[in-house]
Amino acid sequence: MCNDGKGYAGDDEKGIIHLGFADAREYVYGKLSEYIDRHPSEFETKMIIIGHSRGAATANLLAAKLIKNGGFSNLPLKNENIFTYCYATPNGVAMDKVEILDEYKRIFNLVSPEDFVTVCLPEASGFGKFGTVLKILGDDNKSPRNYSEEKEFMQPYFLEAFGMNSYHPFRRGNRAVRKVIDALAKELKTPEDFYEKQLRECFKTVTPYEYFRDTLCAYVAGGETEEEKAAVDRAMKLLIESSVDYVGTSPCYRITSAFFVFKEGIGSVTGNRLLKTNFSESHRPHTYAAYLLSMSEEQLMANTYAGTEDEED
């Protein structure tokens, strides 16, 4: 949390927008407003907003705010001049608590069926993302033959264009991801539960918001200061302990922790054998780019829906 721990968004959107994403949105909005003040222009302005992962959530929320408000207070923008592309966008919006404008369809979210980030928080708990969702190829429990052909076709782009090793997906496609999301959805019945429901973690009770903040968020944030390194050490310890704790840890936390410990190899529990596979590769920008380069426009548009899953074509 920035701004001396106060954040930028406040708590007025608690239970409506994921507060961490809202905080990032307001930070970027403020910085852009300052830039516009320093560089005024009389010409018509077009804005391209792009982000990946947390940046995708930030771009998604920022675009929705600009579309709804008609741009910035110091720079009006036409909706048709706001172009938004979000890669690996998490679910951070309580969809039944926000106004869904038809213009939000201009916000494009590209997601992979194998990517944990794009389905967390669970849609079954009422979460989603603004705009149009485009599913890139990847195993969403279609036939193994189709999946094999998709992987074979994208591998040259993954290898040659980006100088990466071969793509290593989950052995059973997105089933490991679905297991985690289904476990979370059993406990998170509403968006409020994410911030308020008390569940066990190593014989303590913490909310899902606190669990993710203290484990995955700390781990992903990393950092070089002693305080940041200490937070990573605490996160690693919590993930490892809760991943095998069948008594003092609620199933949704245990299953989530086990996913990252044994699939991602956090804490070298797996002897680093899995560190180059699974979660990190399914989520990285290179994979998204390789799949997109290997797909036709028809393939991409065939996996399109606007709004929530209930509205899927």
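# Why these labels apply

Student: Why is K105 called partly exposed?

Tutor: K105 has a relative accessible area of 45%, and the scale calls a residue buried under 20%, exposed over 50% and partly exposed in between (1.4 Å probe, protein chains only). The value of 45% falls between those two limits, and K105 is therefore partly exposed. The model is a predicted one, in which local features need pLDDT of at least 70 and side-chain atom pairs count only at pLDDT 80 or more, while totals for chains, interfaces and linings use all residues. Residues are numbered from 1 along each chain as its sequence is written, and side-chain values use heavy atoms, with hydrogens and water left out.

Student: What makes the pair D102 and K105 a salt bridge?

Tutor: The term requires a side-chain nitrogen of Lys or Arg within 4 Å of a carboxyl oxygen of Asp or Glu. The side chains of D102 and K105 meet at 3.3 Å, N to O, so the pair satisfies the rule. D102, at 54% relative accessibility, counts as exposed.

Student: How many salt bridges does this rule give, and which residues are linked in a network?

Tutor: The count comes to 10 salt bridges, and E13, R25, E26 and K65 are linked in a network of them.

Student: How do you know that K78 and E44 form a salt bridge, and where in the chain do they lie?

Tutor: Their side chains are 3.8 Å apart, N to O, a value within the limit of the rule, and the pair therefore counts. The two residues link distant parts of the chain, 34 residues apart: K78 lies in the loop between β3 (75–76) and β4 (82–87), and E44 in the loop between α1 and β1 (47–52). K78 is partly exposed at 45% relative accessibility, whereas E44, with a relative accessible area of 57%, is exposed.

Student: What makes K97 and E192 a salt bridge, and which elements hold them?

Tutor: The N to O value for this pair is 1.7 Å, which is within the limit, so the label applies. K97 is in the loop between β5 (93–94) and β6 (107–111), and E192 is in helix α6 (residues 191–196), 95 residues apart. K97 is partly exposed at 34% relative accessibility, and E192 is partly exposed with a relative accessible area of 26%.

Student: Why is E150 called buried, and what does it contact?

Tutor: E150 belongs to helix α4 (residues 144–161), helices here being DSSP runs of H or I with at least four residues and strands runs of E with at least two, numbered from the N terminus. Its relative accessible area of 14% is under the limit for the buried class, and that is why E150 is placed there. Leaving aside its neighbours within four places in sequence, E150 is in contact (heavy atoms within 4.5 Å) with L137, G138 and Y291.

Student: Why is α8 called roughly perpendicular to α9?

Tutor: The axes of α8 (residues 226–243) and α9 (residues 251–263) come within 8 Å and cross at roughly 115°; such axes are lines fitted to C-alpha atoms, for helices over the stretch in contact, and angles run from 0 to 180 degrees between N-to-C directions. Angles under 35 degrees count as roughly parallel, over 145 as roughly antiparallel, 65 to 115 as roughly perpendicular and the rest as oblique, which makes α8 roughly perpendicular to α9. Here L239, I240, S242 and S243 of α8 meet R254, S257, A258, V261 and F262 of α9.

Student: What makes C202 and F203 noteworthy in phi, and are they buried or exposed?

Tutor: Most residues other than glycine have a negative phi, and most peptide bonds are trans. C202 has a positive phi of about 55°, and phi of F203 is near 70°, also positive in a residue other than glycine. Both belong to the loop between β9 (199–201) and β10 (204–206). C202, at 19%, is buried, whereas F203, at 64%, is exposed.

Student: What is the peptide bond from C120 to L121, and where is L121?

Tutor: That bond is cis, with omega near 10°, and L121 lies in the loop between α3 (116–119) and β7 (127–128).
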